[in-house]
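Subject: Structure for your review

Dear colleague,

Please find below the structure that I am handing over to you. My notes on what was found in it follow directly after.

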2 protein chains.
Amino acid sequence: MESAEILFSENGFDGTSVRDIAEKAGVNLAMISYYFGSKEKLMESIFHYRSERLTDQLNQMLRDSLMSSMEKINNLIDSYIDKFLQQTCFHRIMVREQLTNAKGPMGEMILKVKTNNYNLINQLIKEGQKRGEFTKPIDIGMMMATLIGTVNHILSTQHYYRDMENLQDLSEEQFRKHIRKKLSVHLKSLFKSSLIH
Amino acid sequence: MESAEILFSENGFDGTSVRDIAEKAGVNLAMISYYFGSKEKLMESIFHYRSERLTDQLNQMLRDSLMSSMEKINNLIDSYIDKFLQQTCFHRIMVREQLTNAKGPMGEMILKVKTNNYNLINQLIKEGQKRGEFTKPIDIGMMMATLIGTVNHILSTQHYYRDMENLQDLSEEQFRKHIRKKLSVHLKSLFKSSLIH
DNA sequence: GTTTAAATCAAACATTTGTTTAATTTTGCA
DNA sequence: TGCAAAATTAAACAAATGTTTGATTTAAAC
C-alpha cells in the first residue's frame, strides 16, 4: 500500500503497473491480486485507510469549546495544510481522482469525506456568526473551495512555485517549512478579512 | 485533437488508448501515428494549440491603460473563470498534467505559461500599489494560487459541489452560469478585501 | 514429526497497448 | 487520361498489461 501510494501519486493510477508496485514493495507480482483482489481494490484499500483518519481529527478539534471561532478557523487552516504536507502522496491521488471518478466506489468515498467536512465548517461558521465574531456574510462553499483549492494548487505544483519564486537553493525540508508558513499566513489573513469587517 | 482532448480530460492520458481516440474521431487507428508521430506528440500538439492563445489575450487586456488597477484585477478574474469554463477539457488536462510531468516537454510548456502569467500579474499589482490604489501589502504568489486554485478546484469538482449545494435540478447551462457568478463575486470580494483596507 | 493451511513464487494466460507495415484508395496536377 | 504523391486502410507487430494457475515453501497446530 505504501509503495502503491507513492507510485500512484507520481504517475497516476493508469500510469502505474502492478509490476512497478510489486517491485518497489519487494514482493511477488501475484501477491497483489492474492491479498487485495485487484489493482482497483488495492487503490480502494489505500483510500479507505487514509480517509478513515481524515475526519476524526477535524471533528474533535471543532468540538473544543474553549477556542473562539476565529481560533478554530485558524486551527482548521493549519491542520488542513499539515494534513496535506504529511500525506502529500495521498492528497495528490485524491486531487487526481477527483478529476475522473465522479461515479464508482471512489467517487462515493470522496463525496462522503467532502460532505462531512462541508457540514463541519458550515456549522463552525454559523456558530461564529451567531456569537457575533464573524460580522461579514460569506459564501461558505466558495470559501471552502478557496481553502482547499489554494492548498491543493500550491502543493500539487510545488515544483513550478519553487522555480518562479527562485527558491531552488532551499533544501526539501526548508522549502516545506517555507510554503507551510506562507500558506498559513496567507489563508488566515484571507479568512480574517473575509469574515470580519 | 478534439476527440483526444475530451478523452484525455475524462480518463487521463494513460487512461485513454489511441484506439479510443481513433474511434471517437471516426478515423483509422494508424492515422494518429501518421499525422502526429505518436500519442505523446498528439498531446503536445493539443497543448501547443491551446496554450498559444492563452497568454495573448491576457497581455492585451493588461496593457489597456484606461482601466483602473482594480478594474483590471476584476477583469483578470472574470477572464480566467471564462477561459476555464470555455475550455474545461483542456484545463482539466492541465490540472492533471501539473500533478505529474514536472520534467519533460509538457512540464516546460506549463512552466512557460505559468511564468508569463505570474510576471503579468506581478506587474499589475505593483502598478496598483504605485498608483496608491492597493493599500495593503500582498503575497502575489499566494494570491495567484488562490485565484487559480479556487477556480480549478470548483471546476474540477463541479459534480461534488453540485451535490453538496443541492443544485441537481439546474440544467447544465444554468449550473455553469451559477458557478461562474458565484466564483466571480467570491474572488472579486476576496481580492478587494486583500488589496484595499 | 506429521499434517494442514497459508504464503510465496515463477510461469503462463489472455487482453490491451502504441506503433509499423505494406497494400489500397484518393487526390491533385500535367 | 495518366501518374506521382498523399491519404487511408486492415493486418500484424512486439511489448506491456492485470490476473490466474499450479507448484513450492513456510508456518502453525496437534
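A residue is taken as near a molecule or strand if one of its heavy atoms lies within 4 Å of it. Please bear in mind throughout that this is a predicted model.

**DNA strand D**

Of the atoms of DNA strand D within 4 Å of the protein, 54% belong to sugar or phosphate, and the rest belong to bases. The strand is surrounded by 15 residues, and the closest are A:Val18, A:Arg19, A:Ser38, A:Lys39 and B:Met31. By class, the residues of this surface are 7 nonpolar, 5 polar and 3 charged.

Both protein chains take part. At least two residues each come from α2 (18–25) and α3 (30–36) of chain A and from α3 (30–36) of chain B. The element that gives the most is α3(B), with 4 residues.

Three contacts with the strand may be of interest to you. A polar backbone atom of A:Val18 is 2.9 Å from a phosphate oxygen of DNA strand D. For A:Thr16, a backbone N or O atom lies 3.4 Å from a phosphate oxygen of the strand. A:Arg19, by contrast, places a polar side-chain atom 2.8 Å from a base nitrogen of DNA strand D.

**The interface of chain A and chain B**

In this interface, 46 residues of chain A are in contact with 46 residues of chain B. The two chains bury about 4,100 Å² between them, with 64% of that area on carbon and sulfur atoms. On the side of chain A, the residues that lose the most area to chain B are A:Leu99, A:Met142 and A:Tyr160, which together account for 20% of what that side buries.

The rule finds 2 salt bridges across the interface. One of them joins the side chains of B:Lys182 and A:Asp139, at 3.2 Å from N to O. There are also 12 residue pairs in polar contact across the interface, both residues being at pLDDT 80 or more.

On the chain A side, the elements that give two or more residues are α1 (2–11), α6 (88–100), α7 (104–130), α8 (140–156), α9 (158–164) and α10 (172–195). Of these, α8(A) gives the most, with 12 residues. The side of chain A that touches chain B has 16 nonpolar, 20 polar and 10 charged residues.

**Salt bridges within the chains**

Over all chains, the count comes to 18 salt bridges. In chain A, the side chains of A:Arg176 and A:Glu173 meet in one of them, at 3.8 Å from N to O. These two residues are 3 apart in helix α10 of chain A, so about one helical turn separates them. Both A:Arg176, at a relative accessible area of 30%, and A:Glu173, at 47%, are partly exposed.

In chain B, B:Glu127 forms a salt bridge with B:Lys72, and the closest N and O atoms are 3.4 Å apart. Because B:Glu127 lies in helix α7 (residues 104–130) and B:Lys72 in helix α5 (residues 69–86), the pair ties together parts that are 55 residues apart in sequence. B:Glu127 is partly exposed, with a relative accessible area of 27%, whereas B:Lys72 counts as buried at 3% relative accessibility.

A further salt bridge in chain B joins B:Asp78 and B:Lys188, with the closest N and O atoms 2.7 Å apart. B:Asp78 lies in helix α5 of chain B and B:Lys188 in helix α10, so this pair ties together parts that are 110 residues apart in sequence. B:Asp78 is partly exposed at 24% relative accessible area, and B:Lys188 is partly exposed at 23%. In chain A, salt bridges that share partners join A:Lys72, A:Glu127, A:Arg131 and A:Glu133 into one network.

**Backbone geometry at Asn166**

A:Asn166 has a positive phi of about 55 degrees although it is not a glycine. This residue is placed in the loop between α9 and α10 of chain A, and it is exposed, with a relative accessible area of 56%. In chain B, B:Asn166 likewise has a positive phi of about 55 degrees without being a glycine. B:Asn166 sits in the loop between α9 (158–164) and α10 (172–195) of chain B and counts as exposed at 57% relative accessibility.

With kind regards

Definitions and conventions:
Residues are numbered from 1 along each chain as its sequence is written. Chains are lettered from A and ligands numbered from 1 in the order in which they are written. This is a predicted model: local features need pLDDT of at least 70, side-chain atom pairs count only at pLDDT 80 or more; totals for chains, interfaces and linings use all residues. Side-chain values use heavy atoms; hydrogens and water are left out. A polar contact is a pair of N or O atoms within 3.5 Å; within protein, one must be able to donate a hydrogen and the other to accept it, and residues adjacent in sequence count only if both atoms are side-chain atoms. Ala, Val, Leu, Ile, Met, Phe, Trp, Tyr, Cys and Pro count as nonpolar, Asp, Glu, Lys and Arg as charged, and the others, Gly among them, as polar. Contact means heavy atoms within 4.5 Å. Buried area is the accessible area (1.4 Å probe) that two parts lose on being put together, summed over both. A salt bridge is a side-chain nitrogen of Lys or Arg within 4 Å of a carboxyl oxygen of Asp or Glu. Buried means under 20% relative accessible area, exposed over 50%, partly exposed in between (1.4 Å probe, protein chains only).
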